[in-house]
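Subject: Structure for your review

Dear colleague,

Please find below the structure I promised to hand over, together with its sequence. I should be grateful if you would read the notes beneath with the structure open beside them.

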Amino acid sequence: MAMKVYGLPMSTNVARVLVCLEEAGEQYEVVPIDFSTAEHKSPEHTSRNPFGQVPALQDGDLILFESRAISKYVLRKSNSELLKEHNLSDAAKVDVWLEAESHHFDEPMSVVIYQCLILPVYFGGQTDAKVVEENLEKLKKTFQVYEERLCKSKYLAGDFLSLADLSHFPTAYYLLATPHAAVLDEFPLVKAWIDGMLARPSVKKVIEMMKATA
Ligand SMILES: N[C@@H](CCC(=O)N[C@@H](CSO)C(=O)NCC(=O)O)C(=O)O
C-alpha cells in the first residue's frame with residue numbers, strides 16, 4: 001500500500017519529504033491539507049501531527065511528523081545511500097550538516113521566504129525590509145561556512161550527495177524566487193552546489209509539484 005504524505009507540495013517541509021520519496025523510488029499519495037479552512041488544526045490532522053503542522057506521513061499503521069525525521073524513515077526503509085548508514089563517521093557527518101541546515105539555514109531562510117513570498121502574496125502584507133536584512137546577514141554567515149566546506153568536499157557531508165544536501169533544496173529554490181537571489185553571487189561554490197541539486201530529476205519533479213500547488 002502506498003505511503004500517504006499529508007500537506008501541500010508548495011510547503012518546503014512537505015517538499016523535503018517528497019524529494020526523499022522520489023529518490024527512494026517509493027510509491028506515495030499526496031493528501032492535500034487545506035490551510036484556508038485550518039484543516040491542519042483539525043482533530044483529524046492533529047492526531048497525525050500534534051503541532052497542527054504539515055507534513056505528516058502515514059505508512060500502514062505508522063504515522064510520523066517532522067519532515068527531517070520522516071525523510072530519514074523513507075530513506076532508511078529503502079536502504080538509501082543518501083544516509084550513509086553503513087559508515088558510522090559518514091552517517092554522523094550527514095547528521096551534522098542536516099542539523100546545520102535546520103538551525104543555520106532553514107531558520108533565517110524561513111523568515112526571508114515569509115517576508116518576501118508569503119506575506120505579500122497570500123496575506124497582502126508589507127515586507128519588513130529590516131527583518132529581511134537581519135536574516136540575510138545571518139544567511140551570509142551560513143553561506144560563508146558552506147563556501148569554505150565546499151572548498152574541501154564536493155558536498156556538505158563529504159564527497160557524496162546526502163540528505164544533508166537535499167534537505168536544503170526546497171528553501172534554496174524559494175530563495176532564487178525572492179529579490180535576494182544575488183546574495184549567492186559572493187558564494188560561487190554554494191551557488192553551483194544548489195544548481196547541481198536543482199538539476200536532479202527528483203528535484204525537478206518535486207518543483208513541478210510545488211509550482212502546481214503554490
Ligand atoms: N519542523 C517542522 C516544520 C513544519 C512546518 O512549519 N510546517 C508549516 C508549513 S511548511 O512551512 C506549517 O504547517 N505551518 C502551519 C503552522 O505552523 O500552524 C517540519 O520540519 O516538519
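The notes that follow deal with the ligand, the pocket and two points of backbone geometry.

Please bear in mind throughout that this is a predicted model.

The ligand site

Twelve names make up the surroundings of the ligand: S11, N13, F35, H40, K41, G52, Q53, V54, P55, E66, S67 and R68. Sorted by class, this shell comprises six polar, three nonpolar and three charged residues.

Three side chains deserve inspection for their polar atoms. In K41, a side-chain N or O atom is 2.7 Å from an oxygen atom of the ligand. For N13, the distance from a polar side-chain atom to a ligand oxygen is 3.2 Å, and for R68 the corresponding value is 3.5 Å. Taken on its own, the ligand has 520 Å² of accessible area, and the protein covers 71% of this.

The pocket

Which pocket does the ligand take up? The space it occupies is the largest pocket, whose volume is about 1,200 Å³. A total of 35 residues line this pocket, and those nearest its centre are S11, T12, N13, F35 and I118. Of these, S11, N13 and F35 are also among the residues that surround the ligand.

Four helices each contribute at least two residues to the lining: α1 (12-24), α3 (67-77), α4 (88-123) and α7 (169-177). The largest share belongs to α4, which provides 12 residues. In terms of class, the lining consists of 17 nonpolar, 12 polar and six charged residues.

Backbone geometry

Two places in the loops may merit a closer look. The peptide bond that leads from V54 to P55 is cis, and its omega is near 10°. P55 belongs to the loop that runs between α2 (43-46) and β3 (56-59). Both V54 and P55 are also listed among the residues around the ligand, which places this cis bond at the ligand site.

The second place is A38, which is not a glycine and yet has a positive phi, of about 55°. A38 is found in the loop between β2 (28-31) and α2. The loop that holds A38 thus ends at α2, and the loop that holds P55 starts from that helix.

With kind regards

Methods
Residues numbered from 1 in each chain as written. Predicted model: local features only at pLDDT ≥ 70, side-chain atom pairs only at ≥ 80, totals over all residues. Heavy atoms only, no water. Near = heavy atom within 4 Å. Polar contact = N/O pair within 3.5 Å; in protein donor to acceptor, adjacent residues only side chain to side chain. Areas by Shrake-Rupley, 256 points an atom, 1.4 Å probe, with all protein chains shown as cover. 1 Å grid on protein atoms, 1.4 Å probe; cavity = no way out; pocket = protein on both sides within 12 Å on 5 of 7 lines; lining within 4 Å. Sits in = over half its atoms within 2 Å of the grid points. Nonpolar A, V, L, I, M, F, W, Y, C, P; charged D, E, K, R; others polar. Points joined across faces, edges and corners; volume = space filled by probe spheres on them.
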